[in-house]
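Welcome to this structure! Here are some notes to read alongside it, taken one point at a time.

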Amino acid sequence: MSKTTTHDSGEHTEQTDYDAVIVGAGFSGLYELHRLRDELGLSVKIIEKADDVGGTWYWNRYPGARCDSESHIYCYSFNDEILEEWQWSERYPEQPEALEYLQFAADKLDLRENIEFGTEVTSARFDEGSGRWEISTDDGETVTSQFFVTAVGCLSEPYIPDFDGIEDFEGWWTHTGRWPHEPVDFEDKRVAVIGTGATGIQVIPEVAKSNPEHLTVFQRTPNYAVPARHRPLDDDDWNEIQENYDRILEQAHDSGFGMPFEIAAETAADMSQEEVNELLESRWEEGGFRFLLAFEDLLVNKETNEKVSKYLRSKIREAVDDPEVAEKLVPTDHYYATKRPPLHTDYYDTFNRDNVSLVDVTETPIERITPDGVRTSDDHHDFDMIIYATGFDAMTGTLLQMDIQGRSGLTLEEKWSDGPQTYLGLSVHGFPNMFTITGPQSPSVLSNMPVAIEHHVEWVSDAIEYLVENDIQLIEPTKEAEEAWTAHNRQVAEQTLYTTVESWYMNENIPDKPTVFTPYAGGVDLYHDTIIEVAEKEYEGFDLTESAIDLGSEGSKPRLSVMEGD
Ligand code: N01
């Protein structure tokens with residue numbers, strides 16, 4: 001664990017006051033640290049719960065964990081040296097390589113010395129007297145900062161359903177998002193996987209291939225998974241990417257989903273099913289999210305979506321030998337991609353193996369976990385190992401865990417009791433100088449994440465630079481701007497098919513969370529134009545205050561420090 005230290009009257013003392021404190025050393029936190037420290041010259045500290053950088057790639061180490069974005073666009077675009085020196089080895093980065101990439105970037109930019117690892121934020125409180133944030137951690141320390149930046153990711157808080165008896169299980173069990181660092185051996189074991197979202201669909205084939213005695217998959221809702229068509233990238237592939245990299249990244253940043261793929265047609269509504277199938281077949285062969293982008297109106301037009309969904313259902317039926325099992329795997333309750341669309345490698349084939357079976361928990365619900373396995377309404381299944389691939393308290397879970405308090409002691413939890421309210425998904429009224437990278441009501445999970453992250457980090461850094469240059473101490477969105485953005489967010493979502501199904505996008509995977517569509521559905525390109533326009537209009541919708549409220553009080557002096565050498 002490293003701690004930033006500073007010299008004070010010749011003595012070496014621990015630094016407790018910063019210009020900015022960032023929570024999280026994943027993709028976004030690392031880049032934010034670089035921008036604020038190296039380009040603005042601010043004193044910055046990252047607080048990180050894990051004992052290394054990596055965020056999602058530090059925690060999600062389950063077999064098969066792989067990014068569904070193609071590797072050449074799952075990257076930082078801001079640094080030419082990183083772009084030139086790093087060569088991805090496969091079409092989609094596997095977890096170890098994605099983690100290695102972030103370690104490489106952290107070392108290249110020399111970021112580790114400003115990161116305190118193995119430390120969890122237990123509270124963050126805005127002090128109205130000083131206009132500063134007081135951030136406390138589980139090691140009993142408190143630091144202060146003028147700016148508080150959350151870079152905690154969107155899917156960081158694992159969720160395990162409250163099954164009776166979980167702790168009674170005498171075998172090995174884990175959640176995929178807290179996978180151990182040591183190899184896990186499934187050979188000759190009776191293994192359960194609960195959950196068939198994007199994670200379950202990745203882990204299930206890998207467990208099945210690891211010679212378990214038997215693998216039982218517990219499925220509540222089937223998903224439409226499209227083949228990833230994963231493959232190694234050779235030097236020729238890479239040379240072609242390098243030759244076109246500027247254009248590829250520009251296209252990604254200017255697209256609705258942060259991916260540089262051409263849309264094949266505007267709509268399928270006026271095409272026959274045969275024509276649609278023909279068009280989709282080439283996308284199917286290409287694999288990956290290129291399939292998702294076949295039709296422009298996929299997520300707003302039921303007719304288009306139904307034709308695409310029908311195509312996918314027929315593919316599942318073709319792939320699975322046992323028609324009864326196939327029918328269980330065919331989604332009929334939702335339109336394609338209204339839940340996060342998973343990619344797969346050998347997922348459907350897995351159910352053709354003799355040692356794999358599928359339990360539909362809508363027919364035979366899980367009643368409890370027992371010391372020996374799982375009891376459903378009609379049977380007891382014996383297991384040595386249980387893997388919970390049951391998702392995350394997404395988008396807001398980690399933010400709400402941190403006990404964030406704004407003006408007048410208002411907690412973020414109270415403020416968001418009916419669902420998140422933000423301005424631009426970046427800031428919250430009542431919480432001055434707080435920025436939420438890829439926060440709720442921003443495109444985040446509906447985009448290739450690095451694109452959304454870079455847009456946010458750069459916007460936040462530019463905003464802070466503007467404040468510094470103009471001697472402004474506080475930035476806070478107005479109530480009106482926040483209400484308008486929240487309403488706009490809802491209106492945009494209601495024009496899409498996303499709101500036709502229960503999903504974690506809708507906050508519905510966690511009991512008692514308010515039902516509300518959480519990411520911004522208007523596209524990362526249009527969203528980016530919007531936030532840039534706000535900045536160009538000198539932060540329209542924000543109150544900018546030249547001095548912190550109570551300038552007379554102790555500790556209230558503007559502290560934006562000038563780093564050594566400035
Ligand atoms: O989680 P999920 P995930 N009884 O919430 C089931 C990202 N990701 O970890 O659908 C039985 O999607 C639940 O059933 P249902 C990606 O954004 C990215 O798979 O709610 N089952 C579902 O099947 C993704 O969307 C990559 O009916 C229960 C599963 O558990 C996000 O992470 C790779 C249950 C949870 O699915 C989350 O995916 C993987 C219960 N009580 C994931 N409760 C990359 O690209 C829940 N389930 C890197």
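**Notes on two sheets and a ligand site**

1. Let's begin with one pair of residues: Thr174 has Ile387 as its bridge partner in S18. These residues belong to a pairing between S9 and strand S18 (residues 385-388), which runs in the parallel sense over four bridges. Two strands count as paired if DSSP finds at least two bridges between them. Helices (H or I, at least four residues) and strands (E, at least two) are DSSP runs, numbered from the N terminus.

2. A word on the source: this is a predicted model, where local features need pLDDT of at least 70 and side-chain atom pairs count only at pLDDT 80 or more, while totals for chains, interfaces and linings use all residues. Residues are numbered from 1 along each chain as its sequence is written, and side-chain values use heavy atoms, with hydrogens and water left out.

3. Now step back to the whole parallel sheet. It is open and has five strands, in the order S9-S18-S10-S11-S14. Strand S9 (172-175) and strand S14 (356-360) each have a single partner strand, so one side of each is left without a neighbour in the sheet. From one strand to the next, the twist averages 15°; axes here are lines fitted to C-alpha atoms, for helices over the stretch in contact, and angles run from 0 to 180 degrees between N-to-C directions.

4. Which helix packs on this sheet? Helix H5 (residues 198-209) does, touching strand S10 (190-194), strand S11 (214-219), S14 and S18. Contact means heavy atoms within 4.5 Å. The direction of H5 makes about 165° with that of S11.

5. H5 also leads us to the ligand, since the helix gives the most to the surrounding shell, with three residues. In total, 24 residues surround the ligand (each with a heavy atom within 4 Å). The closest are Asp68, Thr196, Thr199, Arg220 and Thr221. The shell divides into 11 nonpolar, eight polar and five charged residues.

6. Some polar contacts (pairs of N or O atoms within 3.5 Å) are worth finding on screen. An N or O atom in the side chain of Thr221 is 2.4 Å from an oxygen atom of the ligand. For Arg340, a polar side-chain atom lies 3.0 Å from a ligand oxygen, and a polar backbone atom of Ala198 is 3.1 Å from one. The protein covers 86% of the 910 Å² of accessible area that the ligand has on its own (Shrake-Rupley method, 1.4 Å probe).

7. Finally, look at the antiparallel sheet, which is open and has three strands in the order S15-S16-S17. Strand S15 (366-370) and strand S17 (379-382) are its edges, each pairing on one side only, and the twist averages 20° from one strand to the next. S15 and strand S16 (residues 373-376) pair over four bridges; Ile369 has Val374 as its partner in S16. S16 and S17 form a hairpin with two residues between them, and Thr376 is bridged to Asp379 in S17.

Conventions. A polar contact is a pair of N or O atoms within 3.5 Å; within protein, one must be able to donate a hydrogen and the other to accept it, and residues adjacent in sequence count only if both atoms are side-chain atoms. Ala, Val, Leu, Ile, Met, Phe, Trp, Tyr, Cys and Pro count as nonpolar, Asp, Glu, Lys and Arg as charged, and the others, Gly among them, as polar.
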